[in-house]
Amino acid sequence: MMNISENLALFQELISCNHRLYLWHFSPEMVLLYTNCPENLVSGYQYFLTTQTQTLLGHAPDGHYPLIMDTSLNILWIADFHWQENALNSIYIMGPVFTGNYSFQRVKNSLTHRDFSVRTLEEVMKQIEQIPIIPSNILFQYAVMLHYCITGEKISYKHFLFSSSRQDSPKSLPENSEKEHTGIWASEQILLDMVRSGNLDYMDALSVSSSLSSGVKYASKDSLREAKSNGLVLLVLVSRAAIEGNLNPDISYTLCDYYAQRIEDTDNVTDISILCQTMLDDYIQRVRSTKENSGISQSTLSCCDYISAHLSENPSIESLASRAGYTEYYFSRKFKQETGMNIREYINQEKMHRAQVLLSSTKMSILEIATELGFSSRSYFSDIFQKITGTSPGEYRKIHFRM
């Protein structure tokens, strides 16, 4: 069986196949014992690590798992601790590393505004440019491997400890914050349902959602960055909803990567709004195309869209058949052949799905929800809800209410 030194030597060789990531070995007193970092870089990086001594030793008593250190310069280091007979024997550190081009560019921009001499700035820039950029998911895999090399223990991401020089999180929610997002979840679910179904009439739902919220609320000094962040949140939600609507996951993830990069590359807020509209339309059209190719005709899909957008109006079979351009008898048979249920069953299913959203995210009474969905009485609504969902509206609300 290999010892720790042999394990780490092999580990370094494997990492070097892909990334220039340095390993540091310190005593419990933070005396450097070994590093594979080039000699011309050691002093600068070692000085920085010694400034983290308090952080490292502060975590050491509980340091049986990797510690992710995120510094004020957006540079990450991963530390792990070797214990022997209940005493700290060694501290191992991997780094420095950036986890993205944005972090790297942010540091460069920050340094150019500091009061350095030209020569000093050049030297610092040379060191910064040699720091590897490694995606966080890969870096965390390396942390798991490092821990295994040191301890022989297999762990996962959930075991990691985190330390940041920028920590400033509130211990409690701001006063009255629970009232600031009323109705957003319900309207968001209605919009995402339209993505899942490939419903081209999604603009009304988008308008309602946008009127309730302009996105994630945080104090930003950069309106463009805020718009990009909100665009990325919307993109992730829509891409997952599209998969739930049977869009091929590979296509959805590829689109997500494509639009995420386009959002990041956009340099004004207006263009981000236009891009998000294009993204939404693209996903919905693709989901719709998938459904059309599954054997459901355009006329049936159009009627499904209309039903979803007009649930409170109780659309009749006659009016739906007229919209599709068929006789009532022919349309009823065609609809059931393509969807597996008759029109009334489909309408009630859609109504109950909407009722679940309203019960779990609003304070509307059961009677108000029944009226909103076009039922003549609360009891009739409750009977249909019980039949389709297997529980009463009141019981469903007790379990799922999340406002």
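**A strand, a core and a cavity**

Let me begin with strand β4 (residues 76-84), which is largely enclosed by the rest of the structure because 7 of its 9 residues are buried, where buried means under 20% relative accessible area with a 1.4 Å probe and protein chains only, and where strands are DSSP runs of E with at least two residues, helices being runs of H or I with at least four, all numbered from the N terminus. I should say early that this is a predicted model, in which local features need pLDDT of at least 70 and side-chain atom pairs count only at pLDDT 80 or more, while totals for chains, interfaces and linings use all residues. Residues are numbered from 1 along each chain as its sequence is written, and side-chain values use heavy atoms, with hydrogens and water left out.

Returning to β4, strands pair if DSSP finds at least two bridges between them; β4 runs antiparallel to β3 (residues 67-70), with 4 bridges joining them, and isoleucine 68 has isoleucine 78 in β4 as its bridge partner. On β5 (residues 87-97), also antiparallel to β4, the bridges number 8, and tyrosine 92 in β5 stands opposite aspartate 80. These two strands, β4 and β5, form a hairpin with 2 residues between them, and glutamate 85 in the turn has a positive phi of about 50 degrees.

Now to the largest nonpolar core, meaning a set of buried Ala, Val, Leu, Ile, Met, Phe, Trp, Tyr and Cys residues joined through side-chain atoms within 4.5 Å: this one has 27 residues, and Phe381 is among those with the most contacts inside it. Helix α15 (343-361) is one of the elements giving two or more residues to this core, and the largest share, 7 residues, comes from α15.

Notes
Buried < 20%, exposed > 50% of the residue type's maximum accessible area, 1.4 Å probe, protein only.
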